[in-house]
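Biologist: I am new to this protein. Could you show it to me and take my questions one at a time?

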Amino acid sequence: MAEKVQDTFEKYRETQSYKEAILSTANTLQLSKASVTSYLPYQKGVYFPSTADKEKISVGAERQRRYRAIRKLRSEPTEEHLWETVLLYCGVQFKTYSGLPFTYEIRKGRSGEYTKELWIDRRGKSKSLAWSSVLLALGNIKKVGEVVERPKALSDIRGVTYIYGMFYRFGLIDVPKEVKEKKNDRGNKKQKKGREDMLEENIKFFRRL
């Protein structure tokens, strides 16, 4: 497995940055980013300031940055802390109320500054989510960590099902037990499918030897 990860990583590394190659390898082999890096030879990282782009830092440093941002957000749920957290989670997979996966991106304007608009990527299609809608839902949270039964309990606005999934991931709200089971069930099925595909690839590989 280590040799397979390293070979796949090296092929992507020819045209991609270190971090991009890790993500591509993880996606191809159906592994987590942490698993991929554990199979690669250790490389001493370079220290960057907290304002550095996430493409320039290691996976571990990025994880620590997100952890610190969420701690600040939960202790003080302000617009500033929410925006900081939202920026750090661009490209990270979330799940809706019904357990459907999605990611989002935030684009930059002509001035090079981020626009206050989230672009939700769902099944290859993008739809915009206004920052004002996210703030409206934030203002309707009665208590951090409290169970919110349904997305519309936050607000009856367009795209609230995505906000619901984001707020749960950020720890701003909790969700009912049946919703958690629904999210985990979809995740377990995907992991099982990934393991089955990898097993099939390994069988084909050894048959060719």
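Biologist: Which residues does Tyr104 touch, not counting residues up to four places away in sequence?

Modeller: This is a predicted model. Tyr104 touches Thr85, Val86, Tyr89, Cys90, Gly91 and Phe94, among others. The rest of its list is Leu118, Trp119, Ile120, Asp121, Met166 and Phe170.

Biologist: Which residues touch the most other members of the largest nonpolar core?

Modeller: That core has 37 residues. Tyr104 is one of those that touch the most other members. The full set is Leu82, Val86, Tyr104, Phe167, Phe170 and Leu172.

Biologist: Which element gives the largest share of this core?

Modeller: Elements that give two or more residues include α4 (59-75), α5 (79-88) and β2 (101-105). β3 (117-122), α6 (131-139) and α7 (160-170) also do so. The largest share is seven residues, and it comes from α7.

Biologist: How many residues are in the second, separate core?

Modeller: Its members include Ala21, Ile22, Ala26 and Leu40. The count for this second core is eight residues.

Biologist: How many helices and strands are there in the protein?

Modeller: Read along the sequence, the pattern is α-α-α-α-α-β-β-β-β-α-β-α-β-α. The totals are eight helices and six strands.

Biologist: What share of the protein's residues count as buried?

Modeller: The cut-off for buried is under 20% relative accessible area. The protein has 209 residues. The buried share is 34%.

Biologist: Are α1 and α2 parallel, antiparallel, perpendicular or oblique to each other?

Modeller: α1 spans residues 2-13 and α2 spans residues 18-29. Their axes are 8 Å apart, and the packing angle is about 130°. Angles over 145 degrees count as roughly antiparallel, and 65 to 115 as roughly perpendicular. The angle of α1 and α2 fits neither range, so the two helices are oblique.

Biologist: How many nonpolar, polar and charged residues are in the contact of α1 with α2?

Modeller: On the α1 side are Lys4, Val5, Thr8, Phe9, Tyr12 and Arg13. They meet Tyr18, Ala21, Ile22, Ser24, Thr25, Thr28 and Leu29 in α2. By class, the contact has seven nonpolar, four polar and two charged residues.

Biologist: Is Val5 buried or exposed?

Modeller: Val5 lies in helix α1. Leaving aside neighbours within four places in sequence, Val5 is in contact with Thr25, Leu29, Leu31, Val36, Tyr39 and Leu40. Its relative accessible area is 0%, so Val5 is buried.

Biologist: What separates the C-alpha atoms of Val5 and Leu29?

Modeller: Val5 and Leu29 are 24 residues apart along the chain. They are also in contact. Their C-alpha atoms are separated by 7.7 Å.

Biologist: Is the crossing of α5 and α6 right-handed or left-handed?

Modeller: The axes of α5 and α6 come within 11 Å and cross at roughly 120°. The two helices are therefore oblique to each other. Their crossing is right-handed.

Biologist: How many residues of the contact of α5 with α6 are nonpolar, polar and charged?

Modeller: α5 brings Glu79, Leu82, Trp83 and Val86 to the contact. α6 brings Trp131, Val134, Leu135 and Leu138. They divide into seven nonpolar, no polar and one charged.

Biologist: Is His81 buried or exposed?

Modeller: His81 is placed in helix α5. His81 touches Lys72, Leu73 and Glu76, not counting residues up to four places away in sequence. With a relative accessible area of 12%, His81 is buried.

Biologist: What is the relative accessible area of Arg66?

Modeller: Arg66 has its place in helix α4. Leaving aside neighbours within four places in sequence, Arg66 is in contact with Lys33, Leu88, Tyr89 and Val92. Arg66 is buried, and its relative accessible area is 12%.

Biologist: Is Glu117 buried, partly exposed or exposed?

Modeller: Glu117 lies in strand β3. Beyond neighbours within four places in sequence, Glu117 is in contact with Glu105, Ile106, Ser128 and Leu129. Its relative accessible area is 28%, so Glu117 is partly exposed.

Technical notes. Residues are numbered from 1 along each chain as its sequence is written. This is a predicted model: local features need pLDDT of at least 70, side-chain atom pairs count only at pLDDT 80 or more; totals for chains, interfaces and linings use all residues. Side-chain values use heavy atoms; hydrogens and water are left out. A nonpolar core is a set of buried Ala, Val, Leu, Ile, Met, Phe, Trp, Tyr and Cys residues joined through side-chain atoms within 4.5 Å. Buried means under 20% relative accessible area, exposed over 50%, partly exposed in between (1.4 Å probe, protein chains only). Helices (H or I, at least four residues) and strands (E, at least two) are DSSP runs, numbered from the N terminus. Contact means heavy atoms within 4.5 Å. Axes are lines fitted to C-alpha atoms, for helices over the stretch in contact, and angles run from 0 to 180 degrees between N-to-C directions. Angles under 35 degrees count as roughly parallel, over 145 as roughly antiparallel, 65 to 115 as roughly perpendicular and the rest as oblique. Ala, Val, Leu, Ile, Met, Phe, Trp, Tyr, Cys and Pro count as nonpolar, Asp, Glu, Lys and Arg as charged, and the others, Gly among them, as polar. A crossing is left-handed if the near helix is turned anticlockwise from the far one by less than a right angle, and right-handed if clockwise.
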